[in-house]
Amino acid sequence: MTPRPASPQPASPRPASLQPASTRPGTASPASPQPAPAGPVPPQPPPGEHRNLLTDDPELYELRFPDPGFTAARWAESVLREYGAGPDVLDLGCGTGRDAEWLHRAAGRSVTGLDSSATMIGYARTRHPGPAYHVGDMRTFHFAPDRFDAALCLDSALLYCHTNEDLDALLGRLGRHLRPGGLLVAEMRNGAFFLGRTELLDAPRVDTVTRDGVTHTSHTTLWIDRAGQLLRRTRTWTSDDGAAPVEQHSAWRLLFPQELRHLLAAHGFTVLALYDRPGPRTEPPWTDGDRPADSADEDRIHLVARLDPRARKRS
């Protein structure tokens with residue numbers, strides 16, 4: 001799942017998924033109840049008015065978050081090659097299938113894409129054929145044990161695990177499905193970035209995308225739910241064709257580097273790399289041959305972890 005905005009954009013929009021299908025970028029969060037936000041909370045819509053315009057319309061999603069050079073997929077492939085990953089790759093939260101298709105077509109990998117949005121998976125099968133696509137939840141998916149050499153979790157897909165239980169469930173699933181020594185490659189928002197920084201929170205962000213002569217404008221507001229350790233987003237879409245406004249709500253877990261290391265170690269993973277730049281959504285973005293920085297301070301974080309063969313099959 002994947003067209004993503006470049007930094008410094010709010011939480012990534014890859015309509016990933018582990019979430020229930022109705023909750024990918026811009027709707028309610030996973031099943032677990034969430035504590036009340038500690039900070040100011042924008043008005044909430046009545047139940048049933050939550051919409052996710054981009055997940056419901058994958059073509060518009062790809063227009064809004066173009067990646068003509070397949071930077072995200074090429075970055076992922078460079079990491080897989082560097083750490084010697086085998087050919088079988090699981091793309092968790094594959095969204096429109098753009099990255100999965102490139103890895104299948106250009107890198108020759110056998111790719112399985114998983115996303116909770118049936119609309120996204122339908123689009124991926126039609127517009128980005130080649131990989132095997134499945135509708136499913138990141139916390140409960142089931143394939144044959146030891147099926148994959150590597151799992152990708154791009155564009156903050158991992159952060160749709162809002163609770164510790166969600167994260168445990170996902171990492172447990174990976175422990176069961178990765179082969180001995182399998183890799184987890186993830187790219188996501190960095191919770192540590194928000195310690196003392198407010199530039200992404202101070203004012204709404206305005207973006208536009210035009211299709212078939214109709215201009216769609218989004219106003220995005222972010223705020224921190226400290227009790228839930230979540231970055232919450234309200235996005236309102238308007239268009240110049242007279243359609244009614246659409247308001248979306250979504251959230252991402254804010255994970256800190258040491259917290260992430262601890263979680264991974266508890267599930268038998270060894271962190272091989274954890275750094276903030278360069279990556280597919282950093283500014284400047286990653287290009288071929290770039291080396292990781294020795295820092296984890298900026299708004300994106302990139303993770304490579306290997307499953308210890310001695311610590312498998314916990315779920």
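Both tyrosine 61 and phenylalanine 65 are buried. The two residues form an aromatic pair of the edge-to-face kind. Their ring centres lie 5.3 Å apart, and the angle between the planes is 65 degrees. The model that shows this is a predicted one.

The structure holds five aromatic pairs. Another edge-to-face pair is made by phenylalanine 193 and phenylalanine 194. Here the centre-to-centre distance is 5.3 Å, and the planes stand at 90 degrees. Phenylalanine 193 has a relative accessible area of 7%, so it counts as buried. Phenylalanine 194 is buried too, because its relative accessible area is 11%. The cut-off for a buried residue is under 20% relative accessible area. Ring pairs also link three phenylalanines, Phe141, Phe143 and Phe148, into a cluster.

The overall make-up of the chain comes next. Seven helices and eleven strands are present. The chain has 315 residues, and 59% of them are buried. Its accessible surface comes to about 12,100 Å². Carbon and sulfur atoms account for 53% of that surface. Contacts in the chain with a separation of 6 or more were also examined. Of these, 71% are between residues 24 or more positions apart.

In soluble globular proteins, nonpolar side chains tend to be buried together. In this model, the largest nonpolar core has 34 residues. Six of its members touch the most other members: Leu92, Leu174, Leu184, Leu264, Phe269 and Leu303. Both strands and helices supply two or more residues to this core. The strands are S1 (88-92), S4 (148-153), S5 (178-189), S10 (269-275) and S11 (300-307). The helices are H6 (164-177) and H7 (257-266). Apart from this core lies another, of 24 residues. Its members include Ile121, Ala124, Leu154 and Leu183.

Phenylalanine 269 shows how the members of the largest core meet. Residues up to four places away in sequence are not counted here. Phenylalanine 269 then touches the leucines Leu171, Leu174, Leu178, Leu184, Leu264 and Leu307. Ala305 and Arg306 are also touched by phenylalanine 269.

Polar side chains take part in the interior as well. Aspartate 149 lies in strand S4. Its relative accessibility is 14%, so aspartate 149 counts as buried. The side chain of aspartate 149 makes a polar contact of 3.0 Å with the side chain of arginine 179. Neighbours within four places in sequence are again left aside. Aspartate 149 is then in contact with Gly86, Pro87 and Asp88. Leu178, Arg179, Gly182 and Leu183 are in contact with aspartate 149 as well.

Threonine 220 is placed in strand S7, which covers residues 214-225. Threonine 220 is buried, because its relative accessible area is 3%. Its side chain joins that of arginine 235 through a polar contact of 2.8 Å.

Phenylalanine 70 is found in the loop between helix H2 (58-64) and helix H3 (71-82). Phenylalanine 70 is not a glycine, yet its phi is positive, at about 50 degrees. At 21% relative accessibility, phenylalanine 70 counts as partly exposed. The ring of phenylalanine 70 has the charged end of arginine 105 over it. That charged end is 5.6 Å from the ring centre.

Aspartate 146 also has a positive phi, near 60 degrees, and is a residue other than glycine. Aspartate 146 is found in the loop between strand S3 (132-135) and S4. Its relative accessibility is 29%, so aspartate 146 counts as partly exposed.

Cis peptide bonds were also found. The bond from arginine 277 to proline 278 is cis, with omega near -5 degrees. Proline 278 has its place in the loop between S10 and S11. A cis peptide bond also joins glutamate 283 and proline 284, with omega about 0 degrees. Proline 284 is placed in the loop between S10 and S11.

Definitions and conventions
Residues are numbered from 1 along each chain as its sequence is written. This is a predicted model: local features need pLDDT of at least 70, side-chain atom pairs count only at pLDDT 80 or more; totals for chains, interfaces and linings use all residues. Side-chain values use heavy atoms; hydrogens and water are left out. Helices (H or I, at least four residues) and strands (E, at least two) are DSSP runs, numbered from the N terminus. Buried means under 20% relative accessible area, exposed over 50%, partly exposed in between (1.4 Å probe, protein chains only). Contact means heavy atoms within 4.5 Å. Accessible areas come from the Shrake-Rupley method with a 1.4 Å probe; for residues, only the protein chains shown count as cover. A nonpolar core is a set of buried Ala, Val, Leu, Ile, Met, Phe, Trp, Tyr and Cys residues joined through side-chain atoms within 4.5 Å. A polar contact is a pair of N or O atoms within 3.5 Å; within protein, one must be able to donate a hydrogen and the other to accept it, and residues adjacent in sequence count only if both atoms are side-chain atoms. Rings of Phe, Tyr and Trp (its six-membered ring) pair if their centres lie within 6.5 Å; planes under 30 degrees apart count as stacked, over 60 as edge-to-face and the rest as tilted. A charge sits over a ring if NZ of Lys or CZ of Arg is within 6 Å of the ring centre and within 35 degrees of the ring normal.
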